[in-house]
Amino acid sequence: LSNEIAYRATLLRDATRLTLPAGHVHTPVLEFGPGNTTQVTDPVFEQNRTDIVAQMRAILTVAAG
């Protein structure tokens, strides 16, 4: 689904001759640490989320630069 949305957004942008930058980023599924079957979050989940946010900020910083 995400690839389809990216394709359609790019197609629409190109069809309307807009010159907007665009991108498509896949993020991994956030998983819990081994053995966590009852908690809403845990250190593994939190670290993975922090890593994804840091990577996205780095991408946006470069794109805005």
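How exposed is R49, in terms of relative accessible area? R49 is partly exposed, with a relative accessible area of 39%; we will meet this residue again in View 4. This is a predicted model, in which local features need pLDDT of at least 70 and side-chain atom pairs count only at pLDDT 80 or more, while totals for chains, interfaces and linings use all residues. Residues are numbered from 1 along each chain as its sequence is written, and side-chain values use heavy atoms, with hydrogens and water left out.

**View 1. The whole chain has two helices and zero strands.** The radius of gyration of the protein chain is 17 Å, well over the 11 Å from the globule rule for 65 residues, so the chain is more spread out than a compact globule. (The radius is taken over C-alpha atoms, and the rule is 2.2 Å times the number of residues to the power 0.38.) Along the principal axes, the C-alpha atoms fill a box of roughly 50 × 30 × 15 Å. Of the 65 residues, 11% count as buried. Here buried means under 20% relative accessible area, exposed means over 50%, and partly exposed lies in between, with a 1.4 Å probe and protein chains only. Helices (H or I, at least four residues) and strands (E, at least two) are DSSP runs, numbered from the N terminus.

**View 2. R8 and E4 form a salt bridge in helix α1.** Their closest N and O atoms are 2.5 Å apart. A salt bridge is a side-chain nitrogen of Lys or Arg within 4 Å of a carboxyl oxygen of Asp or Glu, and a search of the whole structure finds three of them. The two residues sit four residues apart, about one turn of the helix. R8 counts as exposed at 55% relative accessibility, whereas E4 is partly exposed at 35%.

**View 3. D14 and R13 meet through their side chains in a salt bridge.** The N to O distance is 3.0 Å. D14 is partly exposed, with a relative accessible area of 44%.

**View 4. R49 and E46 form a salt bridge in helix α2.** The closest N and O atoms of this pair are 2.5 Å apart. Being three residues apart in the helix, R49 and E46 are separated by about one helical turn. E46 counts as partly exposed at 28% relative accessibility, and R49, as noted at the start, is partly exposed at 39%.

**View 5. A search of the whole structure finds one aromatic pair.** The rings of F32 and F45 have centres 5.3 Å apart and planes at 20°, so the pair is stacked. F32 lies in the loop between α1 and α2 and F45 in helix α2, so the pair ties together parts that are 13 residues apart in sequence. Rings of Phe, Tyr and Trp (its six-membered ring) pair if their centres lie within 6.5 Å; planes under 30 degrees apart count as stacked, over 60 as edge-to-face and the rest as tilted. F45 counts as buried at 15% relative accessibility, while F32 is partly exposed at 37%.

**View 6. R17 has a positive phi of about 55° although it is not a glycine.** Most residues other than glycine have a negative phi. R17 is found in the loop between α1 (2-15) and α2 (43-64). R17 is exposed, with a relative accessible area of 73%.
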